[in-house]
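Visitor: I should like to learn how to read the features of a protein model, one at a time. Where shall we begin?

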Amino acid sequence: MSNLDRQAPLSVCGGRGFVVAEPVRELLSPRRVKLGESTEVRRLLPNLGRRMVGAWAFVDHYGPDDIAQEPGMQVPPHPHMGLQTVSWLHEGEILHNDSTGVTATVRPRELGLMTSGRAISHSEQSTDPHPRFLHGAQLWVALPQERRHVEPHFQHHADLPRVTGRGLTATVILGELDGARSPGTAYTPIVGADLALAAGTSTSLPLDPDFEYAVLSMSGEAHVDGVPVLPGSMLYLGCGRTRLPLRAESDAGLMLLGGEPFEEEIVMWWNFIGRSQEEIEQARADWTEGTRFGEVTGYDGAALPAPELPPVPLKPRGRVR
Ligand code: MN
């Protein structure tokens with residue numbers, strides 16, 4: 001999906017200074033953001049209290065929404081730079097079209113991984129007809145300096161590796177978990193996994209003590225390291241953990257996000273990640289003038305105009321404020 005926020009803030013993220021080196025349990029509340037007329041998402045990253053978890057720089061949770069009488073997701077062509085987008089569905093069906101000529105239909109628990117590299121544009125819309133409910137997460141991964149100008153490309157992996165235990169099915173979205181590795185291309189040490197827990201399950205997952213982690217709750221009643229995490233909330237866990245205790249009171253759906261703390265400072269605005277305000281301004285100009293980001297075919301409608309850049313110059317604020 002896209003950041004459709006018309007008052008997109010310009011923010012600096014990354015840097016190691018505020019990474020919590022020890023295990024912590026920091027509950028992050030979502031910010032409600034309107035996307036278009038009818039859709040509301042819960043934004044977990046960037047958060048007032050925390051901006052990144054490893055290279056994960058953006059997390060929106062949406063639904064479940066009953067879209068039986070509605071067109072559902074309708075995101076017109078828009079650009080991306082310096083990041084990967086991960087589309088992850090629990091319910092619904094999304095048609096993706098991009099400027100590299102790829103068309104793909106992404107279904108629940110399939111990976112739609114778009115690497116923007118230097119420049120890409122894409123549209124996303126619910127299929128027509130579409131399932132009654134739409135429920136998913138949209139996530140971005142920041143690309144490191146040496147790989148952020150790679151050629152744009154889209155990967156669709158319908159069959160992802162799974163780790164199963166008693167009452168737990170973990171689907172590896174990106175990176176590696178408990179010996180299972182996602183076929184999606186990762187550019188930094190990272191992990192993303194979907195955790196489906198059956199009611200009554202009490203288990204634990206192996207973690208890498210050098211990674212920082214967070215868990216997003218998508219459905220059900222789950223306790224993460226003893227903390228109840230309600231759907232639409234995220235628990236930041238810090239670094240230094242070798243195992244993560246999980247307990248489910250009901251059937252529950254979680255996402256585990258982690259990675260090596262992202263050392264570089266990045267500048268995020270709208271759908272772009274760069275390293276300076278000038279670079280962001282250039283990307284905005286290129287999109288407005290119709291250069292660099294290519295063209296999306298297969299979407300019936302106008303492209304998304306870029307919002308105005310805020311007049312206030314950037315002030316680095318680090319990972320936490
Ligand atoms: Mn997008």
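Guide: Let us begin with burial: a residue is called buried when its relative accessible area is under 20%, and exposed when that area is over 50%. This is a predicted model. F293 has a relative accessible area of 2%, so it is buried. W287 also counts as buried, at 12% relative accessibility.

Visitor: How are the rings of W287 and F293 arranged, stacked or edge-to-face?

Guide: Planes under 30 degrees apart count as stacked, and planes over 60 degrees apart as edge-to-face. The rings of W287 and F293 stand at 80° to each other, with 6.1 Å from centre to centre, and the pair is edge-to-face. Both residues belong to a cluster, joined by ring pairs, that also takes in W269, W270 and F272.

Visitor: How many aromatic pairs does the structure hold?

Guide: There are 7 aromatic pairs. One of them joins F58 and W140, whose planes meet at 15° with ring centres 4.0 Å apart, so this pair is stacked. F58 is in strand 5 and W140 in strand 12, so the contact ties together parts of the chain that are 82 residues apart in sequence. F58 is buried at 2% relative accessible area, and W140 is buried at 0%.

Visitor: Which residue carries a charged end that sits over the ring of Y236?

Guide: That residue is R50, and its charged end is 3.7 Å from the centre of the Y236 ring.

Visitor: Let us turn to the nonpolar interior. Which residues have the most contacts inside the largest nonpolar core?

Guide: A nonpolar core is a set of buried residues of nonpolar or aromatic kinds, such as Leu, Val and Trp, joined through side-chain atoms. The largest one here has 38 residues, and those with the most contacts inside it are W56, V86, L139, L216, M234 and M255. Strand 12 supplies the largest share of this core, with 5 residues. For L139, the contacts beyond its neighbours within four places in sequence include W56, F58, V86, W88, M255 and L257. A second core, separate from the one just described, has 27 residues, among them V172, A222, V224 and L254.

Visitor: How should one read a salt bridge?

Guide: Side chains of opposite charge can pair when their charged atoms come close. The cut-off used here is 4 Å between a side-chain nitrogen of Lys or Arg and a carboxyl oxygen of Asp or Glu. By this rule the model has 13 salt bridges. In one of them, the side chains of D66 and R132 meet with 2.7 Å from N to O. D66 lies in strand 5 and R132 in the loop between strand 11 and strand 12, so this bridge ties together parts that are 66 residues apart in sequence. D66 is partly exposed, at 36%, and R132 is likewise partly exposed, at 49%.

Visitor: Which residue forms a salt bridge with R118?

Guide: The partner is E151, with an N to O distance of 3.3 Å. This pair links distant parts of the chain, 33 residues apart: E151 is in the loop between strand 12 and strand 13, and R118 in the loop between strand 10 and strand 11. E151 counts as exposed, at 52% relative accessibility, whereas R118 is partly exposed, at 33%.

Visitor: R284 forms a salt bridge with E308. Are these residues buried or exposed?

Guide: R284 is buried, with a relative accessible area of 17%, while E308 counts as exposed, at 61%. The closest N and O atoms of the pair are 3.6 Å apart. R284 lies in helix 1 and E308 in the segment after helix 1, so the bridge ties together parts that are 24 residues apart in sequence.

Visitor: To finish, let us consider single residues. What does G259 touch?

Guide: G259 is found in strand 24 and counts as buried, at 0% relative accessibility. Apart from its neighbours within four places in sequence, G259 is in contact with G54, P189, I190, F211 and E212. From A21, G259 is 238 residues away in sequence, and the two C-alpha atoms are 13 Å apart.

Visitor: Where does H223 lie, and what does H223 touch?

Guide: H223 lies in strand 20, which covers residues 222-224. H223 counts as buried, at 17% relative accessibility. Not counting residues up to four places away in sequence, H223 touches P228, P245, L246, R247 and E249.

Notes: Residues numbered from 1 in each chain as written. Predicted model: local features only at pLDDT ≥ 70, side-chain atom pairs only at ≥ 80, totals over all residues. Heavy atoms only, no water. Helix = DSSP H or I, 4+ residues; strand = E, 2+ residues; numbered from the N terminus. Buried < 20%, exposed > 50% of the residue type's maximum accessible area, 1.4 Å probe, protein only. Contact = heavy atoms within 4.5 Å. Core = buried A, V, L, I, M, F, W, Y, C linked by side-chain atoms within 4.5 Å. Phe/Tyr/Trp six-rings, centres within 6.5 Å; stacked < 30°, edge-to-face > 60°. Lys NZ or Arg CZ within 6 Å of the ring centre and 35° of its normal.
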